[in-house]
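Trainee: I'm new to this one. Could you walk me through it, starting with the words I'll need?

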Amino acid sequence: KRALSRIFFTDISFKRKEPTDEFIIERLGIPHPKFGSVSAGQGGFQVKYTSLQNIPEYTASNELNKTYVVRPERVVLSLKRILDSYGFLALVERMDESLVALSM
């Protein structure tokens with residue numbers, strides 16, 4: 001869901017690309033650190049994107065199957081570091097609730 005949101009925002013809305021099945025499938029496989037939809041075995045592109053620390057490639061999975069997590073404890077560690085790094089995380093999908101929580 002998050003990956004499709006990124007593709008529609010960046011490529012289809014902003015760059016005016018045609019939203020064909022082929023185009024979306026192609027974009028889902030791109031490991032670009034900011035605009036891609038997969039990471040290089042780092043626990044997912046959102047984990048890599050939000051982490052303030054470098055996550056070495058293939059710490060959570062291997063090159064043969066980038067989407068199958070073979071070391072979930074490394075993903076959990078990355079998530080703990082992310083949560084410890086930020087004082088507040090807002091969700092665009094829940095912006096009203098996020099702003100209310102921020103104001104408290």
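Mentor: Sure, let's start with a definition: buried means under 20% relative accessible area, exposed means over 50%, and partly exposed is in between (1.4 Å probe, protein chains only). This is a predicted model, where local features need pLDDT of at least 70, side-chain atom pairs count only at pLDDT 80 or more, and totals for chains, interfaces and linings use all residues. Residues are numbered from 1 along each chain as its sequence is written, and side-chain values use heavy atoms, with hydrogens and water left out.

Trainee: Got it. Is Arg27 buried or exposed?

Mentor: Check its relative accessible area, which is 14%. The cut-off for buried is under 20%. So Arg27 counts as buried.

Trainee: And how many salt bridges does the structure hold?

Mentor: A salt bridge here is a side-chain nitrogen of Lys or Arg within 4 Å of a carboxyl oxygen of Asp or Glu. Side chains of opposite charge can pair when their charged atoms come close. For this structure, the number of salt bridges is three.

Trainee: Which residue forms a salt bridge with Arg27?

Mentor: The closest N and O atoms of that pair are 2.7 Å apart. Arg27 sits in helix H2 (residues 21-28) and its partner in helix H1 (residues 2-14), so the pair ties together parts that are 16 residues apart in sequence. Helices here are DSSP runs (H or I, at least four residues), numbered from the N terminus. The partner is Asp11.

Trainee: Which residues are linked with Asp11 in a network of salt bridges?

Mentor: Asp11 is buried at 3% relative accessibility, while Lys15 is partly exposed at 46%. Lys15 pairs with Asp11 too, with the closest N and O atoms 4.0 Å apart. The residues linked with Asp11 in the network are Lys15 and Arg27.

Trainee: Which residue meets Arg94 in a salt bridge?

Mentor: Arg94 is partly exposed, with a relative accessible area of 46%. Its partner is partly exposed as well, at 42%. The two side chains meet at 3.0 Å, N to O, and the partner is Glu97.

Trainee: Last one: what separates the C-alpha atoms of Tyr58 and Ala40?

Mentor: Tyr58 is in the loop between helix H3 (45-50) and helix H4 (72-85), and counts as buried at 19% relative accessibility. Leaving out residues up to four places away in sequence, Tyr58 touches several residues (heavy atoms within 4.5 Å), including Ala40, Gly41 and Gln42. Tyr58 and Ala40 are 18 residues apart along the chain, and their C-alpha separation is 5.9 Å.

Terms used. Helix = DSSP H or I, 4+ residues; strand = E, 2+ residues; numbered from the N terminus.
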